[in-house]
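This report describes the surroundings of two ligands for a reader new to the structure. Please keep the sequence and the 3D view at hand while reading.

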Amino acid sequence: MTFTDLHRIYHQPFFDLLKQARAVHDEHWPENEVQLCTLLSIKTGGCSEDCGYCAQSARYSTGVQREQLMEKEQVMEKARAAKAGGSTRFCMGAAWKGVRGGTEKFDQVLGIVRDVSTLGMEVCVTLGELGADEARALREAGVTAYNHNIDTSPEHYPNVVTTHTFDDRLRTIRHAQDAGMSVCCGGILGLGETLEDRLRMLEVLSNFNPHPESVPINMLMPIKGTPMEENEQIDTFTMIRMIATARIAMPRAKVRLSAGRTAMSKEAQALCFFAGANSIFYGDKLLTAANPRANEDMALLRDLGLTAQEPNPQMEAPVIEHDRPLAPTACCL
Ligand code: SAM
Ligand code: DTB
Ligand code: SF4
């Protein structure tokens with residue numbers, strides 16, 4: 001979708017936008033279901049990168065301590081608990097710039113993925129940069145989806161991170177897609193970006209070929225000690241409009257109402273679901289920050305008549321559309 005289309009869609013009167021997004025949602029997702037994903041930080045803190053929003057960068061004093069990669073058995077315990085609690089996707093995050101094949105830590109991660117994938121949940125990992133070989137190895141070990149966010153527009157990205165580039169992010173996404181993994185890719189609102197940057201981000205995402213399988217829309221959780229600790233809070237209408245626009249631009253993608261729900265009312269979250277969000281992070285903790293309590297989320301879903309989506313661990317990655325250029329590429333940048 002072009003920037004002009006996205007601009008027109010986003011700027012409709014609020015209820016017209018909601019109506020359009022709901023129609024797209026009902027056509028593609030008629031089941032009233034929400035995907036429940038549980039996050040676990042398997043390697044916390046001490047990251048070499050300088051992402052200005054992140055609690056885990058070694059460059060900022062955020063109070064998050066550097067920890068070692070978790071042992072497989074500990075991870076399995078958390079994964080079993082997530083499954084027992086009703087989660088259908090288990091997402092493991094590591095505070096690394098990236099991973100390299102042949103290293104002890106990568107082998108350890110592959111072992112963790114192999115074991116977690118026996119539990120019947122979808123397995124997602126987010127480990128930073130990947131080459132083609134690492135992507136294939138993760139796919140073979142049982143990864144369903146690779147999370148790697150573009151976070152904002154290509155133009156604003158250098159104001160947020162200087163230790164890697166937007167193109168580096170696109171390259172990793174390409175490797176993950178080439179290896180046959182689904183890609184989970186979205187961004188954050190509240191990084192000091194303009195509305196144009198937000199729509200540019202959706203333009204880039206909607207020009208991925210294939211589309212991302214899931215699109216997390218995070219609201220910045222301002223972390224004390226980071227350069228973004230004082231950033232202004234995003235208002236909920238902006239969040240709802242972005243979710244609706246993402247739903248219209250990527251009808252088959254799961255749109256995830258991601259970080260920042262602790263700052264949103266139940267009613268605002270309900271409007272996000274109405275606008276096309278059909279996935280959440282579920283469980284009391286994100287990676288290092290708080291998430292709504294699991295029992296409160298269950299009560300909210302019940303009040304709205306929504307149910308948990310079944311897992312699909314054998315899920316095929318979305319297929320390439322041959323009438324569009326292969327992306328992510330420089331085509332739309
Ligand atoms: N190191 C890996 C990477 O950068 O891809 C994986 C972990 S990183 C923490 C995963 C994503 O979490 C980021 O791309 C960002 O979108 C989101 N995130 C991190 N800190 C956040 C915050 N304070 N508020 C909202 N989202 C955040
Ligand atoms: C995503 O888009 N959001 C998640 C997940 N992918 C890895 C992470 C949110 C992190 C929020 C801040 C924290 O917990 O430190
Ligand atoms: Fe945080 Fe990931 Fe950036 Fe490291 S690469 S600072 S973990 S967002």
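A residue is near a molecule if one of its heavy atoms lies within 4 Å of it. The model discussed here is predicted.

## Surroundings of ligand 3

Around ligand 3 are the residues Cys47, Glu49, Cys51, Tyr53, Cys54, Ser57, Ala95 and Trp96. Sorted by class, this shell holds 6 nonpolar residues, 1 polar residue and 1 charged residue. Glu49 belongs to the charged class and Ser57 to the polar class.

As for location, ligand 3 sits in the largest cavity.

## Surroundings of ligand 2

The residues around ligand 2 are Leu39, Thr126, Asn147, Asn149, Pro216, Asn218, Phe281, Leu286, Leu287, Thr288 and Ala289. By class, 6 of the shell residues are nonpolar and 5 are polar, while none is charged. The largest cavity is also where ligand 2 sits.

## Polar contacts and cover of ligand 2

Side-chain and backbone atoms both appear in the contacts of ligand 2. In the side chain of Asn218, an N or O atom is 2.8 Å from an oxygen atom of the ligand. From the backbone, an N or O atom of Leu287 lies 2.9 Å from an oxygen atom of ligand 2, and a backbone N or O atom of Ala289 is likewise 2.9 Å from an oxygen atom of ligand 2.

How much of the accessible area of ligand 2 does the protein cover? Of the 400 Å² that ligand 2 has on its own, the protein covers 86%.

How values were computed. Residues numbered from 1 in each chain as written. Chains lettered and ligands numbered in written order. Predicted model: local features only at pLDDT ≥ 70, side-chain atom pairs only at ≥ 80, totals over all residues. Heavy atoms only, no water. 1 Å grid on protein atoms, 1.4 Å probe; cavity = no way out; pocket = protein on both sides within 12 Å on 5 of 7 lines; lining within 4 Å. Sits in = over half its atoms within 2 Å of the grid points. Polar contact = N/O pair within 3.5 Å; in protein donor to acceptor, adjacent residues only side chain to side chain. Areas by Shrake-Rupley, 256 points an atom, 1.4 Å probe, with all protein chains shown as cover.
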